[in-house]
Amino acid sequence: MKSRHIKAQITSFCFILPALTVLALLLLYPVVTSVFYSFTSKHLIKADYEFVFFKNYIAVLTDPDFWTSFLTNIKWTVTSLFFQIVVGFLAALAVDRIRKGKSFFRTILIIPWAFPSIVIALSWKWILNGVSGFLPNILVKMGIVDTVPQFLSSANLAFPVLVMINVWFGAPLIMVNVLSALQTVPRDQYEAAQVDGASPLQSFIHITLPHIRIVMGLLIVLRTIWIFNSFDMIYLITGGGPAGLTQTVPIYAYNVGWGLKMLGRSSAVTVLLLIFLLMVCMLYFRILNKWEKEA
């Protein structure tokens with residue numbers, strides 16, 4: 001009996017071994033390697049390196065460019081996440097009220113999320129280009145502006161434009177998930193609330209929100225991680241410019257690691273980024289656990 005139990009455990013382990021192998025190769029190995037290199041003087045050109053312990057962390061934490069990038073990253077994450085939730089939530093409420101053609105509108109609205117980031121970035125860069133871009137030149141031809149607006153190189157416009165593009169890209173994901181959650185809310189509760197004289201706002205606060213807040217919480221966690229780690233869209237559109245005004249921590253780490261070839265210091269940046277996101281996620285999950293207990 002005991003040998004049969006051991007064989008069953010071995011068989012179970014063999015089934016999950018491929019998944020564990022992929023997880024170790026794609027997740028654990030890069031993390032462990034980054035942590036290891038963050039304590040060394042690893043250079044992309046020089047073969048030899050030595051342990052410098054916390055020297056890289058001190059250099060990063062005393063670098064004004066890092067803190068500027070970090071604050072830009074916070075602003076980028078908060079503004080993008082806020083408007084993605086607002087736009088996606090309102091779109092979900094609107095589509096949920098449509099009686100005919102709901103699948104059509106849901107499919108149309110999810111299109112931005114279906115495209116790869118590189119396609120979106122290069123398309124918007126072509127549309128907003130200050131020399132031959134479609135939108136700047138059409139604004140001039142229509143007489144709305146006198147000179148061609150520099151959407152991607154203006155100190156006042158570059159960051160808001162990037163946020164707008166990110167909202168256009170990310171809001172459909174919020175919309176689809178919230179719409180799915182809205183369709184699970186029991187309709188008889190709305191009817192009972194209406195009979196009791198509840199207003200639409202009261203029904204929304206006391207019926208709709210409690211049913212979808214767990215889904216919203218998970219979306220906020222995921223989108224926070226994805227937006228904070230966003231690299232490709234910003235780098236492809238502005239490269240962190242103009243004058244570093246759109247440089248976030250991932251771009252800062254890239255410039256240090258691949259621009260200055262200082263892989264050890266770049267690894268320290270990524271480790272600090274990981275620690276910060278873990279702290280944020282712990283706070284999020286504490287709130288989610290509290291919501292689940294109250295449900």
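This passage describes the fold, the nonpolar cores and selected local features of a predicted model.

The protein chain contains 13 helices and zero strands, and every element from the N terminus on is therefore written as α in the order α-α-α-α-α-α-α-α-α-α-α-α-α. The radius of gyration is 24 Å, well over the 19 Å that the globule rule gives for 295 residues, so the chain is more spread out than a compact globule. Along the principal axes, the C-alpha atoms fill a box of roughly 85 × 75 × 30 Å. Of the 295 residues, 35% count as buried. Among contacts with a separation of 6 or more, 69% are accounted for by residues 24 or more positions apart.

An unreviewed UniProt entry carries the annotation "transmembrane region" for residues 12-32, 74-95, 107-127, 157-182, 203-228 and 266-287. Two of these spans were examined in the model. Residues 12-32 are 100% helix and 0% strand, with end C-alpha atoms 27 Å apart. For residues 157-182 the corresponding values are 96% helix and 0% strand, and the end C-alpha atoms lie 36 Å apart. Helix H3 (64-96) has 33 residues and reaches 47 Å from its first C-alpha to its last, close to the 48 Å expected at 1.5 Å a residue. At the start of H3, the backbone nitrogen of Asp65 has a side-chain oxygen of Asp63 within 3.1 Å.

The largest nonpolar core comprises 38 residues, of which Trp76, Leu128, Ile165, Val178, Ile212 and Ile237 touch the most other members. Two or more residues are given to this core by each of H3 (64-96), H6 (117-128), H8 (158-182), H10 (200-228) and H11 (232-237). Helix H8 gives the most, with 14 residues. Apart from this core lies another, of 15 residues, including Val60, Tyr252, Val269 and Leu277. When neighbours within four places in sequence are left aside, Trp76 is in contact with Phe159, Leu162, Val163, Asn166, Ile227, Ser230, Ile234 and Thr248.

The loop between H11 and helix H12 (249-259) holds Pro242, as well as Ala243 and Thr246. Most residues other than glycine have a negative phi, and most peptide bonds are trans. In this loop, the peptide bond from Gly241 to Pro242 is cis, with omega near 0°. Ala243 has a positive phi of about 55° although it is not a glycine. With a relative accessibility of 81%, Ala243 counts as exposed, because the cut-off for that class is over 50%.

Thr246, in contrast, is buried, because its relative accessible area of 2% falls under the 20% limit. Residues up to four places away in sequence not being counted, Thr246 touches Thr72, Ala158, Phe159, Leu162, Ile234, Thr238, Gly240, Gly241 and Ile251. Phe159, Leu162 and Ile234 are thus named among the contacts of Thr246 and also among those of Trp76.

A further positive phi, of about 65°, is found at Lys261, which is not a glycine. Lys261 lies in the loop between H12 and helix H13 (263-294). At 29% relative accessibility, Lys261 counts as partly exposed.

Methods
Residues are numbered from 1 along each chain as its sequence is written. This is a predicted model: local features need pLDDT of at least 70, side-chain atom pairs count only at pLDDT 80 or more; totals for chains, interfaces and linings use all residues. Side-chain values use heavy atoms; hydrogens and water are left out. UniProt positions are given in the numbering used here, feature names are shortened, and annotations may be inferred rather than shown by experiment. Helices (H or I, at least four residues) and strands (E, at least two) are DSSP runs, numbered from the N terminus. A nonpolar core is a set of buried Ala, Val, Leu, Ile, Met, Phe, Trp, Tyr and Cys residues joined through side-chain atoms within 4.5 Å. Buried means under 20% relative accessible area, exposed over 50%, partly exposed in between (1.4 Å probe, protein chains only). Contact means heavy atoms within 4.5 Å. The expected span of a helix is 1.5 Å times one less than its number of residues. A polar contact is a pair of N or O atoms within 3.5 Å; within protein, one must be able to donate a hydrogen and the other to accept it, and residues adjacent in sequence count only if both atoms are side-chain atoms. The radius of gyration is taken over C-alpha atoms; the globule rule is 2.2 Å times the number of residues to the power 0.38.
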